[in-house]
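Here are a few exercises to try with the viewer open. Have a go at each task before you read its solution.

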Amino acid sequence: MQQQARLTGLGHFLLGLGLLCTVPLALAQKSATDSIAEYRAMLQDGNPADLFEAKGEALWKQKRGPKNASLEQCDLGKGPGVVKGAWVELPRYFADTGRVQDLESRLLTCMQTLQGFDADEIAKTPFGRGEQANVTALATWIASESKGMKFNLSQSHIEERKMYEVGKRLFFMRGGPHDFACATCHAQDDKRIRLQDLPNITKNPGAGNGFGAWPAYRVSNGQMWSAQLRLNDCYRQQRFPYPLFGSEATIALGVYMGVNGKGGEATAPAIKR
Amino acid sequence: MADPMRIRAQASGDKATVRVLMSHEMESGQRKDASGKLVPAWHIQDITATLNGKPVMTAEWGPAVSKNPFLQFAIKGAKAGDKVAITWKDNKGESRTDEATVS
Amino acid sequence: MKRSITLSLSVVAAALLAACAAPLPSSAELDKLTQDIIARSFRAQGQAKLDRLSPDEDNRLCAEADRTGVAVDAKTAQAIEARNMQTIKAPSDGKYLGDFKQGERVAQSGAGKTWTDAENSANGGNCYNCHQISKEELSYGTLGPSLYNYGKIRGVTDPNSAAAKPIVEYTWGKLQNARAYNACSSMPRFGHKGILNEKQIKDVMALLLDPASPINK
């Protein structure tokens, strides 16, 4: 009995050695995806999106354009000038334009009516240039003013409900030479493309996490990407033709994702690799 | 005039942690554009940090530092209310200084 | 004065109420609305022309199945598979396998067919986006099954033998047009849609089936 209970000195040593041997193995088994997650966590502090936030806030308050006016009277859905909480309710129906709009198309509306800019010209301007770059900065700041809040898109207006259904059809629509749809990558749990995890956007938590992270700063190319640019590049990689900036198709997809993400937490502006 | 830096300085114990985000293209001078031409070097070379006007840190940066660089360092003896100023100077001679108060 | 205000207020209220209470259009009407919106929302860019949005009946059926959660019925699935099977042709010289080293390059490359790609540039197979293939390549996706040891698992020791013929032909067919075997497969139809040419597909065949290919070690 006593012999069974006692571990000899040699036994202790071998046990210790055994434990030491298993530890490096466990470390070696840290997956590639875990390492990338660690890398992303390290990037969180000092997100260059902060620079675009600062720029956006300044642009909101600055008198600009042919009418030399600021955007401080812009109605993002919660009343003129109300920015806090506006982003987590977009896209939504606007009575003054009679249509459902997302943040960026609504900014074009305000830049035209309040400041006198030409919305069509801005829509045609490539991302990152001229006034289009300013729209991205504004969108970054406005999204940051809803950081931590929960998505709560309205579906009370018939136009909002119609756009949800259109967005759903667009999400599953297959096309292009590769027969890709949004759903090809974003309709299942726990899938990844190469080493990039793919959110399932058909429901939470994927919908809230995926939709709620853009605008985001992409470290790999040092660019600030708005939601419109994220959708644009998705369509490019799907081998589709070019979705027009602020088009109804992009807005409908925003409604589909945002409604699916109801209750999800807004994390934008996020940082991506 | 270049875009402003974002500076946060937080006192804790006998030191303050300073975090700075700088807005700069930081072209290394080794990159080629779409037509194959070298994009000329344009990056920050010198950094100076001062505490209430007195230099506490200097840095020399080369082409390896990436775009929109993030810098973090600690200043011993800094307390809430002190003024931290950061100045950067790039290889084109452009310069920018921003200030923040330690919280 | 008061009366007209009350009247206009009630009109507004009625309109709002109508907007809230209005029933959703039928599914067919929503399909039409979606098509109209698509027609207004895209422009041609680079090599990506608007015909890429043209409804392909097989895609339409599969998209509807995915959206509603109701799979296509067996008869329709068979019809889709038969239609796609007809597009598959045997290699022009009767040789199915090419060079597995080139095949690995095709599998690694995600280039081609986007609006930023030159029209006549070489396209890649994008294979690693969805599949594990070699043991060494850690950067692989999980949208499709692992293809590591593909030929080995299927007992292919001599791809030219009669015993290997069914697997060789099936693999060729899959790469040419995956929808011939699985009506709503997510896998691109590499041969039929002109994404990869015959040589590239033979090279990928070698990567998968050649016993000398590193993925079969």
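**Exercise 1.** In this predicted model, find the angle at which helix α4 (residues 49–61) of chain A packs against helix α7 (residues 130–144) of chain A, and name the arrangement.

*Solution.* Start with the axes: those of α4(A) and α7(A) are 7 Å apart, and the angle is about 100°. Angles of 65 to 115 degrees count as roughly perpendicular. So α4(A) is roughly perpendicular to α7(A).

Next, look at who meets whom. On the α4(A) side you'll find, among others, F52(A), L59(A) and W60(A). Across from them, α7(A) brings residues including A137(A), L138(A), W141(A) and I142(A). Finally, sort the residues of this contact by type: eight are nonpolar, five polar and three charged.

**Exercise 2.** Work out how the radius of gyration of chain C compares with that of a compact globule of 217 residues.

*Solution.* First, the reference: such a globule would come out near 17 Å. Now the chain itself: chain C has 25 Å. Then check the box around its C-alpha atoms, which is roughly 95 × 40 × 35 Å along the principal axes.

**Exercise 3.** Describe chain A and chain C by their secondary structure and their buried residues.

*Solution.* Begin with the elements. Chain A has twelve helices and eight strands, while chain C has nine helices and one strand. Reading along chain C, you get α-α-β-α-α-α-α-α-α-α, with the strand after two helices.

Now burial: 48% of the 273 residues in chain A are buried, and for the 217 residues of chain C the figure is 35%.

Terms used. Residues numbered from 1 in each chain as written. Chains lettered and ligands numbered in written order. Predicted model: local features only at pLDDT ≥ 70, side-chain atom pairs only at ≥ 80, totals over all residues. Helix = DSSP H or I, 4+ residues; strand = E, 2+ residues; numbered from the N terminus. Buried ≥ 20, exposed ≤ 12 C-beta atoms within 10 Å, placed from the backbone. Rg over C-alpha atoms; globule rule 2.2 N^0.38 Å. Axes fitted to C-alpha atoms, helices over the stretch in contact; angles between N-to-C directions. Parallel < 35°, antiparallel > 145°, perpendicular 65-115°, else oblique. Contact = placed C-beta atoms within 7 Å. Nonpolar A, V, L, I, M, F, W, Y, C, P; charged D, E, K, R; others polar.
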